[in-house]
Each structure stands twice: as structure tokens, then as C-alpha cells.
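Below are some notes on the two-chain model you asked me to look over, set out as numbered points. I begin with the chains taken separately and then turn to what lies between them.

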Amino acid sequence: MAVGDYAFLIPLLPALAFVLTFFLGKKLPNGGAIIPIVAIATSFVISLLITLGLLQNPEQVINQSVTWFAMLNLGILVDPLAAVMLTMVTFVSLLIHIYSTGYMSHDRAQYRYFAETSLFTASMLSLIISDNILQLFISWELVGLCSYLLIGFWYQKPAAASAAKKAFLTTRIGDVMFLAGIVVLFSDLFRLYNGSIPEGVFILKFDEIFSQIPQLAAMSTPVLGFQVNHLTLITLLFFGGAIGKSGQFPLHVWLPDAMEGPTTVSALIHAATMVTAGVYLVARTFPMFMAAPDSLMVVAYLGAFTAIFAATMGLVMNDMKRVLAYSTISQLGYMMLGLGVGAAIGAEAVGISMFHLINHAFFKALLFLCAGSVIHAVGTHDMRQLGGVAKVMPITAATMIIGALALAGIGIPDTSIGFSGFFSKDAIIEAAYLFGENGGGWALYALSIAAALLTSIYIFRLIFMTFFGKPRTAYGGHEAHVSMTIPLSILAILALVFGALTMERFNTFVSETFVNNFVHMDIPGLAELGGYHLASHAGHEPLIILWLPVIVGVAGLLIAYLIYGLKVVNMDKLVSRNNPIYKLLYNRYYQNAILTNFLSVKVVYEGLAFAGRAVDTGFDWVVNWIGDVTMDTGDALRQLQTGVVQNYAMVVITGVSLLVILITVVMEVL
Amino acid sequence: MLLSLIVLIPLIFAVLTLLTKTREQARAMALVATVSVLLLTIYTYFNFDSTTAATQFEEFYSWVPSLGISYHLGIDGISLPLILLNAIVMPLLILFTWNDDRKAPNRFYSLILITQGAVLGVFCALDFFLFYVFWELTLIPLFFMVSIWGGPKKHYASIKFFIYTHVASLVMLLGIFGLYFAAWETTGTPSLSIPHLLAQFQFIESGITRDLIFLALLFGFIVKLPVFPFHSWLPDAYTEAPTAGSVLFVLLKIGGYGIFKIMLPLLPFTASPNLMITIMGALGAVSILYGAFLALAQKDLKRMVAYSSLSHMGYVTLGAAGLVSLSVSGAMFQQFSHGLIMSIMFMSCGVINKATGTRIINELGGLAQRMPKLAVIMVLTFMASLGLPGLTGFIAEFSVLAGSFVNLQGYVVIALMAIVITAAYHLWALQRAMFGVYKEKLGNVVDINGYQTLAMGVIAILILYFGLNPSPVLDMMLTNSEHIIGLMAGMGV
């Protein structure tokens, strides 16, 4: 028995743990936390063994499918792409669960927490392991459900209930686009088969879809005067889903609010079980994007824009978790950018983007859990009330600084010395450079460098404001419990060394995803279909290009140190409501006012819904009017009931005569 | 005999129940009847061959040969899932009302049983005479249900429902007459047999006659369904009805049944099939969006659920008009799924109204803290209703949307737009009514009792079960859909 035969257990064990914890957890110590911990640990071991096996032999893709209904199936697919994701998600989720036993120990509804996080993990694992787009979508929606339940975990708090709803609805807008993409894809494939799908062909399975890419790319429909390529339409609709789930502009608004749940939930959402799903979706369907004209460009530009857009807002937030939330949005933008520049570098894009995704998962989980540790100890999120926390919480401070260095991407180019984020973020920035050099324009590169500078500034602002200087209020506090500091330390080690250890193998390994016995994609051929011009290998970039990301990273650190550490610049003048730029950033570009208050509440809710109600009253009025007229007619006719037999007789005779005439005429005509 | 028993047991027990004196006797009688029907239906289900679209368990006795009337029963993959739905939910509905105090319990349970017998009769009838008799028989108990035990506007609502759908039934009757006399003319013998008349439709010479017959029948079905713009009886009747009455309305399902059983086989032979497809597709798509917007605009939880029901029924006509086996079977599955989901939705409304004395969403709040069992069931059902995968609603909606897009792109786009609105009103209602701070002025609210938990819990589990594994009912729907689509192949539709 090979370990691959047990791959189906990876999502199934946490799903079972959900059921057990939900019904039995109340009676067990710690809300039954041991059940999901054991289940996820087992899933982790299986994932790790499969990944190691695949590393030996990347051809040995695991694929098992069963019929679900009609021409649709359920199944699992573990290729290099899925394997690294599975391993990361199970690992990070496991650490967060262990950490949660300490963090949530005072909550009476602990059992519900562990049941829901377990289901959250199961849904994400099922998403990753799907061998068809429909099952991926189903898991995708379950991930959305779990985030709804967990963000609203403290449902008694109106803010939590509201944030949960906002997260669900905002991502739902993306989900509908994703669903629309599947619907279009389904009907196209259905037509390619002329409506009769042979027995045993599952038309939404990835290998089946990929094998039809040339035919799909050849289909187009005129929409509003434009000739729309079906593959472009489908991939952009998929990307619409990814925008919602992965918090890209303009559907990122739910993510900063999502911190109303427990901080551990934020760590899960931001690192492991939710926001990476969008990036994974684009990576999973990368061959389709590759062959779809314009789609990769949309991915690249929107990613780069989101990276800098979110970073600007991260600069001014005073809430620790909000800074991290904007940081996540920004880093996801980098991952999208990394995929988008596949237009120049081909399948390698999947490798570099996933590399950043994995590294980010480690250091972002670390940053959130450190923030949680601080919040747990001192009882506030607001950095203005902190300062000098490093003295009371040395382990938390040290691990969080490592996380910050990893996020800022500090390292030495051309060596294997550096924090994990350094290797992956630089790879993306270099790919953006290559894209420019290849004739694609320099905007992406410029945005990615600028965002790197801002990233470094906002994260060290957080570090200096929280951990150094003098306490600004009299918060109490102590170092966190060992169940919390151990996960922190493990994650810190990974943030420190994971990038350096794996950078040699990772990219080639993951990039091999689309050239194996399961799908054998001809990426250059697809790029030709998509009209992308792949760069022939570029050789060595100028030294300055290699060093620039590190230089801006260090510059950001220094700027933050000068302003928030040494306080050489007085920020009070800048940080004021009179400064229009600060005001714009602090109010988050007024997105809440525009999108939530105006568009959803005023236009949709008050406008359209009430217009609908007016129309409905109209229909009802017509029905009642018909009723009234009938009644009135009846009343009028009642006057004819005179009771005089002669009158009746006359009416009968007249009626019969008219009928006879009518019938004769009709017969004549026919 | 089996089908006759399934139809007649509720009707016979309805009479017996009427003779009972106490609440205990009445509810026990009703439970015995509905459980018997359930057991017989389960037996039927396990002896049913879902690989063929042919009629099974047929019973035939000549009745009035001079007019071509016969006692003819039989079921296929279109009717069996609906019979199953009805047979499953009915005993649970009796349990749900187990501890309720109300006037005239004997009449109450008797009317429930008459409705069950009439609805099952419609699903089993293979003779238009029987079909129409059972069809009209459903009206009477529902009318009394609303007018005796209904809410403040019960008289208005019950009369509106009765007259509105009765007029539509008369139009449908004209359609049946048209079919009957035209076939009599061509074959020379009178017959009201449904399969016979459906087969004879294509031999009617005049295209206008065929279209008029089709439209008359269609009108009867879509008013009963209902779809926009013939829905205005629905919000009043569903809202004013007592909880059990609302559930009976939800289980009616005869309008949609008529569309699959009678309209689709006729569709390719109408003179202008594309026009008919346009009518059905457009009405379906508009109902989905329109119902969703109206649900969003409601302040009363039960009225919101009623409009939500309208929105969901739009998938039935849209999927039927999609004319791809996936969309047609999805539309059939929507009927099944909708019956389960809406039953819990209306039960929840009833429970909340009884516990708090109000259904106005803004007056509720934080109920989850006092009613945790109800909250779990409601969250699951609301998620099913908004189309969350893993639950029945998604199977139906995905099949309809994906299948219909092959032929009806524009309408599917309209339906897709409704999805976010649908999520919005469900979550909005949950957030306001169940979550947030508990409103102390609601008084001392207690959670659902054991019978209610059992009734709602079993349906909730079925929503989950059929959402994960739809094949037990979807397979036979697919068989029949493929059969219908097969009839159309080569008809240029």
C-alpha cells in the first residue's frame, strides 16, 4: 500500500473531526481540541509523505475519481502544486490549533470553535485536492461558509455579526463570477461534445478541461460589439472569484473587517485556509490563463495595483491586526502579479507565486499569532496604547521581528542568506523586471518596487510602535503560555530558513505540475494561443536589479526607525485630519462609504428593493381590481334578476338565436 | 393496488379523523395515516426501476367508457420523487404540530390528510379526469386551512388564493377539453388518458389550436407554481396560512409537476416552440430576480420566505425551458429540494412567531442565544436556501444554470445576478433575527421542543444527505429528462 492511496483521508479526517467535535466536544476537556489536532496532524503526515514521494518522482501524480451525478465527478488529484499546498495548510493549521488551545481556553463555546476551524481546514484541503473545477467550487463555498461562522464566532457582538455578513456577501460577488465561469465552461464543453457526453467522461475534470483548451480558445461570441474569446471570458470570471476570495481590489473590503473573529481565526484566514484559495485557483487553472488572450495581463496589473494600494493603507492604520490585514492584501497582490508575469516567463510563474504563497503563509501566520499573543496579554489592538512590549514579552517580540524581516524581504542577493520572504518576493520582482525587459512595459516593476518600500515601512512602524520605546498606557502583561510560544517559535524558524532551504528545488518542483503524466501541457504552445511572447531565458539581470528590492527593504526599515524609533520627524503634523492625504488613507479611500453605504445600502437595498415592492403592489392592485370589477358586474347583473318569467324567456330566446347565428357564421368561415 | 392505497389511505383517514373527539386521537390518527403512506412509498421506491422512463406500478380500470374516463394510475421518475417528498415531510409535519393547541384539531388534521391524498392523487393520475378532480380537490382543504386558522388577513388571503388559482384551473380545463375533443376527432374514440392525449397532440392539424391548448395548460400550471407575474396570491396565502398550511403550500408542487409531465412532451409539437421556450425561460428568470428583490424588501420574516419561495420556483420553469437533460433534471430536483428547505423555513417562522409574538425582523434579535437548537437548524437551512454547495439547493441551481446556459444564455445571466441578492436577504435576516444582542423585551423565549427538533432535524439531515448524494432521486429524474429530450431530438427545438 502506497501512502498515496490514503490521500483521500487528508480532507476527510478534519471533516470527521468536525462532526465529532461538534457533537462531543462540549463534554471533553478543552472543547475537544484534541480531536482536530490529531486529525490534522495525521493529514499533515500523509501530505508530507506524499510530497516527499513526489519530490523523488514528480511523475507519480495521484488521481482517483468517482461519479457524483450526471457527467460530474468527485475526486482527488495530488500533483506537486497540490502537494505543497496540502502540506503547508495542514502544517500551519495544526500549529494554529495547538496555539488555540491556549488562546481560546477561556471561551465557553470552545467546542464550537474547534469544530468550525476543523471544518474550515477540511474545506480548504478539499479545495486543494479537487480534481475537477466543480468540487473546487463547492469546497470554495464551504470555505466561505466557515469564514462566515468563524468571523461571526462571537455572534452576540453586533460588529462580529455584521463583519461576518460583509465577508460572506463580498466574497459571494466573486463566487457568482466564478460560478458563471463554470457555467460558461460547462456549456462550451457540452457543445464541443454536441450534447452527447460519452459514458465515463467527466467534463469538468481538470485534465478534460485542459485537453480542450485549443478548442475553447477558438470559440468567441460578440458581446456589445466586442468579439469576446470564450477562454478569456471563462478565465476572467474565474479570476473574479479569486479577487473576492483573495482580497484583491475592489473586493478586498471584507478582509480588514474580518478581524472581528478571534485572532487565531484571522491567522487561519490570512495564512492557510482562505485567502490563498484565489491564488491557488489561478495557479490550478494556469494553462487556461496561459492560452487566454489578455487574461494574464489583467491578473498582473490588478495584482500589482492591489499590492501598492493596500500597502498605502497599511501605513496609517493604528490597529495592529488591520495593518496585518492590509499587508496580506498587498502580499496577495504580489502573488497574483507573480502569476500574471507568466506572460513572460511561462510555467515558472506558478513556481515563484506558490513559493511566495508558502513563505507568506509561514510568516503571516507568525505575525498574526504574535499579534494575538500581544492582544491576549495586554488586551488591546491599538498600537497607540502600547510601546515597550518587548520588555514583557521577549519571545513574542523576537519572533514577530523575524516575521517582519521575512515580510520585508531582507537578505543578500546571489547567496542563500536571507529571510524566507526575500527569496520569493525577489523572484516575483525580478520576474516583473523580466516582463519589462521583454517589452511588456515597466509599470509592473515600478509598482512592485514601490510596494516593497511601503511594506517595509508599515511593518517596522508596527514593530517600533508596539515593542520599543516607553509604554504609552499602563497595560498589564506577561509572556504567553507555552502552548502559544512553541508554535510561534516553530513558525519563526520556518520564516527564518524555509526560503533558503528550499529555493533550489521549489520552483522547478512546482513548475513541473503541468508537465507530467496527468496533464502534459505544452506551455509555449498555449502562450502562442494566448498571444503572449515568452522571454527566451534572460541570463543575468544587472546587479542593481538584484539589489534594489533589498535596498528598498532596508530603506523602509530605516525610515520607520527614524520616525517611530528615534522620532526625528514629528508625525503629529502629518497625522492629522487636516492633511488630505492622511485623511484619504485613514478613511481607506472612502471605500466603505462608496461600496457599502452607497452602493449596497442606498442603491440596492433602498432603491431597487423598494422599487420592486412598488411594482409588486401594482400587480396586486390589478388582481384586486379584476376582483372588484367582477363583483361590481355581478351586482349590476343582479338587477336583471327581476323574477318575471316572461323576461327570462325572452332572454333565453334571444341568447339561443344569437348562438345559432354565431355557430352558422363560424361554420361558414371554416 | 399500491398506488391506490397511497392515494386513498390519507383520504379515508381524513374522514376517520374528522370523527375523532380529542386532540390526542386526531393527531394519532393523522400520524398513523401519514406513516402508512411513508412506508408504502418507501416500499414503492425500493421496487422502482430508475433506469427506465416507462410508467411503473400501473393500475387501470375502465370507468365511464362512453366518455373515455378510466381509473388509471401510474408513476415514473417525474412523479416518484415528489411523492417521496410529500410522504417524508407529512408525518414530520404532524410531529411538528404535536403539542400545538388549536381549535377543532379533528378538522385541522383531517384537512391536512385531504391535501395529502389530493396531491398524491395528482402525481399518480394518468387520466385527465382523475387528474383534474384531484387538482381541484387540493384547493378546498387549503382554502379552509387559511380561512379558519390563518392570520389577521385570513379571509382576504384565502378567497384570493381560491379564486385566483381556480380561474387558472378553469383555463387549464379548457386546454384539457381542447386536447380531448381534438383527439376524439382524429381517432374517433373518446379518451381522457394522459399518455394517449399527449401522444395525439402532434396530430392536431391547426397550429393555432395546438398553441392555444399549450398556452391554456401552461397558464394553469404556472399560476399554481407560481411565477411572475401571476404570483400575487402567493405572499398573502403563504403568509396568512398557519405554519402547517404554509408547509402544505410548499408541498403542493403540482404546478411544476404539470410542466414536466404534460408541457415538456407537448412543447416540440407546438407551432411555435421557440416562443414557448422564450415565455417559460423569461418568466422563470424574471421570477428568480424579482422574487429575490422583493424578499430583500420585506420586513416580515414569513413574507420574506414567501417571496424567496417565488424566487426559487423560477428555477423550475427556467430549467424546464433549458431543454438539456441536466437543466430539466435540475429543475425537477429544485422542486424536491425546495420542498424540504421551505418546509423548515416556514416551520422556523412559525416557531419564532409563537415564541416571541412577532415576525418583524427588526423587532427580533439575538435569538440564537435563547434558541440554540433552532439557530443551528436555521443556519443550515438558510445556507441551503441561498444555494450553498453540499446542500440540496446547490445541486438544483447549478444543474439548472449550467444546463440552461447551453440554450438560454441571457436568462441565465439574469438568474446569476439574483444570487448575490439571495445571499444578502438570507444573511441579513439571520443577522438581525438570530445574532447580535438579545432583545430583552421579547420576553422569556424557550427553544424548540423535542417533537419540533425531531421534525426539523430530520428534514435538515435530508437536505444535507441529498445535497451530498443526490443520486437516489436525481438518477430517475435524469432518466426521464433524457427521455423527454430524446423525444425532442430532430424536432428542431
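1. Helices and strands are counted here as DSSP runs, with at least four residues for a helix (H or I) and at least two for a strand (E), numbered from the N terminus. On that count chain A of this predicted model has 28 helices and six strands, while chain B has 21 helices and two strands.

2. As to overall dimensions, the C-alpha atoms of chain A fill a box of roughly 115 × 60 × 55 Å along the principal axes, and those of chain B fill one of roughly 70 × 55 × 40 Å, taken in that manner. For chain B the radius of gyration is 22 Å, close to the 23 Å that the globule rule gives for 493 residues, so chain B is as compact as a globular protein of that length.

3. Burial can be stated for each chain in turn: in chain A, buried residues make up 56% of the 670 residues, and in chain B they make up 65% of the 493 residues.

4. The contacts within each chain may be sorted by their separation in sequence. Of the contacts in chain A between residues at least 6 apart, 81% join residues that are at least 24 apart; in chain B, of the contacts with a separation of 6 or more, 80% are accounted for by residues 24 or more positions apart.

5. Which residues touch the most other members of the largest nonpolar core? That core holds 454 residues, and the ones in question are Val341(A), Ala365(A), Leu366(A) and Ala495(A), together with Ala415(B). Helix α17 of chain A, residues 348-378, supplies the largest share of this core, with 20 residues.

6. Ala365(A) deserves a closer look in the viewer. If residues up to four places away in sequence are left out, Ala365(A) touches Val92(A), Leu95(A) and Ile96(A), then Ala267(A), Ala271(A) and Ala272(A), and also Leu491(A).

7. Between the chains, 38 residues of chain A are in contact with 36 residues of chain B. On the chain A side, the elements that give two or more residues are α5 (133-151), α6 (158-192) and α27 (591-638), and the largest share, 17 residues, comes from α6(A). By residue class, the side of chain A that touches chain B divides into 25 nonpolar, six polar and seven charged residues.

Note on methods
Residues numbered from 1 in each chain as written. Chains lettered and ligands numbered in written order. Predicted model: local features only at pLDDT ≥ 70, side-chain atom pairs only at ≥ 80, totals over all residues. Contact = placed C-beta atoms within 7 Å. Nonpolar A, V, L, I, M, F, W, Y, C, P; charged D, E, K, R; others polar. Core = buried A, V, L, I, M, F, W, Y, C linked by C-beta atoms within 7 Å. Buried ≥ 20, exposed ≤ 12 C-beta atoms within 10 Å, placed from the backbone. Rg over C-alpha atoms; globule rule 2.2 N^0.38 Å.
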